[in-house]
Amino acid sequence: MNKYIAIKRLIYSYLLYTVSIYTSNGKFQSIETREFPLYKGRDNSRVLYISGVALRLAKSHNQIIMEIASGIASHLSAIRGDVFSVRIVPPGWIYLELTHSLLATWLQSLVVTNVRGYGEMGTRKVTIQNSSRLFAIQYAHARCYSLALLAHREGLIQLREPMPYISENSTLHHLVSTEQIPWLNDEQKLRLSHPAEGRLIAELVQVTDNLECPDLCGAVNWEKVALDLSQAFEAFWCQCRIWGKVKISSPELAQARLGLVIATQSVLKCLLVDKLGAFAPLEL
């Protein structure tokens, strides 16, 4: 995951490699664009991507779709079974469900990386149409920041010491955990199993896909994207406690939830500053 923040880009890289088994003339390099769409499933209880690459290859090669899908799926399972589980759904869709260990690695990357916008769209700022929406986004960012600092002061997590206040847009205000977050339990499953946690993770995956793959996603309504993420965070904060009983009886769960808070702060900051051209306030 060091090379990729967007999970979609990671999966595309494996699909490109696998497609090279069927052709060596570079004809299918267009998989990096919309010619081979890769869809993210809407089930928030898991992170699932759906590829129709086998259907497209079958049309070009006059082969049976399921045979091509089976060949691609077998190769993907062989080379990266630790990244996703693979299954085929008629007439030839390839379903790639991320493993919990990969999700843990990805989440950890968000808490140690200053997420930024990519590509051409990163240079263009959006004019905010609704001030109340902007306030909701800024409020969620400020809440994330204050929660993480409180946890740091109480010794629940360890952050790199926050830098002195300089400006709202300073990249120095990205919170970074100095320790590995205990994302996985003893069974190597994500501790974050509550529906509100799943929704927030799904939003984070979608946002980072949009940020790093603008050429794959087309026009993006960044105001709506940021608002959806802030609303997912608010639902998470209302339904998933960190302090009180959780902190005492399940400190690892509390730490995992705080890791999700830090990841959300990083992504919200990127959206506010890089995409919306707004302040990312530390408090309101």
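A salt bridge is a side-chain nitrogen of Lys or Arg within 4 Å of a carboxyl oxygen of Asp or Glu. The legends below describe close-up views of a predicted model.

**Figure 1. Overview of the chain and its secondary structure elements.** The chain contains 10 helices and 4 strands. Read from the N terminus, the elements follow the order α-β-β-α-α-β-β-α-α-α-α-α-α-α. Of the 284 residues in the chain, 52% are buried. When contacts between residues at least 6 apart in sequence are considered, 71% of them join residues at least 24 apart.

**Figure 2. The salt bridge between Arg 257 and Glu 197.** The side chains of these two residues meet with an N to O distance of 2.5 Å. Arg 257 belongs to helix α10 (residues 251-275) and Glu 197 to helix α6, so their pairing ties together parts of the chain that are 60 residues apart in sequence. Arg 257 has a relative accessibility of 9% and therefore counts as buried. Glu 197 is also buried, with a relative accessible area of 1%. Buried here stands for a relative accessible area under 20%. The structure holds 8 salt bridges, and further examples appear in the next two views.

**Figure 3. The salt bridge between Glu 154 and Lys 247.** The side chains of Glu 154 and Lys 247 come together at 2.9 Å, N to O. Glu 154 is located in the loop between α5 (131-153) and α6, whereas Lys 247 is part of helix α9 (residues 245-249); the pair thus links distant parts of the chain, 93 residues apart. Glu 154 is partly exposed, its relative accessible area being 39%. Lys 247 is likewise partly exposed, at 28%.

**Figure 4. A network of salt bridges formed by Asp 43, Arg 46 and Glu 97.** These three residues are linked to one another through salt bridges. Side chains of opposite charge can pair when their charged atoms come close. Between Glu 97 and Arg 46, the closest N and O atoms are 3.3 Å apart. Because Glu 97 lies in strand β4 and Arg 46 in the loop between β1 (38-40) and β2 (48-51), this pair ties together parts that are 51 residues apart in sequence. Both residues are partly exposed: Glu 97 has a relative accessible area of 26%, and Arg 46 has one of 25%.

**Figure 5. The second largest pocket and its lining.** This pocket encloses about 230 Å³ of space. Its lining is made up of 16 residues, and those nearest its centre are Asn 44, Ser 45, Arg 46, Leu 190 and Leu 192. Two or more lining residues are contributed by each of β4 (93-98), α4 (100-112) and α6 (195-212). Helix α6 provides the largest share, 4 residues. By character, the lining consists of 8 nonpolar, 6 polar and 2 charged residues. Arg 46, one of the residues nearest the pocket centre, is also a member of the salt-bridge network with Asp 43 and Glu 97.

**Figure 6. The surroundings of His 141.** His 141 is situated in helix α5. With a relative accessibility of 1%, His 141 counts as buried. The side chains of His 141 and Gln 265 are joined by a polar contact of 3.1 Å. Apart from neighbours within four places in sequence, the residues in contact with His 141 are Gln 265, Leu 268, Lys 269, Leu 272, Ala 280, Pro 281 and Leu 282.

Methods:
Residues are numbered from 1 along each chain as its sequence is written. This is a predicted model: local features need pLDDT of at least 70, side-chain atom pairs count only at pLDDT 80 or more; totals for chains, interfaces and linings use all residues. Side-chain values use heavy atoms; hydrogens and water are left out. On a 1 Å grid over the protein atoms alone, a cavity is a set of points where a 1.4 Å probe fits but cannot get out, and a pocket is an open set with protein on both sides within 12 Å along at least five of seven lines; lining residues have an atom within 4 Å of a point. Grid points are joined across faces, edges and corners, and a volume is the space filled by probe spheres set on the points. Ala, Val, Leu, Ile, Met, Phe, Trp, Tyr, Cys and Pro count as nonpolar, Asp, Glu, Lys and Arg as charged, and the others, Gly among them, as polar. Buried means under 20% relative accessible area, exposed over 50%, partly exposed in between (1.4 Å probe, protein chains only). A polar contact is a pair of N or O atoms within 3.5 Å; within protein, one must be able to donate a hydrogen and the other to accept it, and residues adjacent in sequence count only if both atoms are side-chain atoms. Contact means heavy atoms within 4.5 Å.
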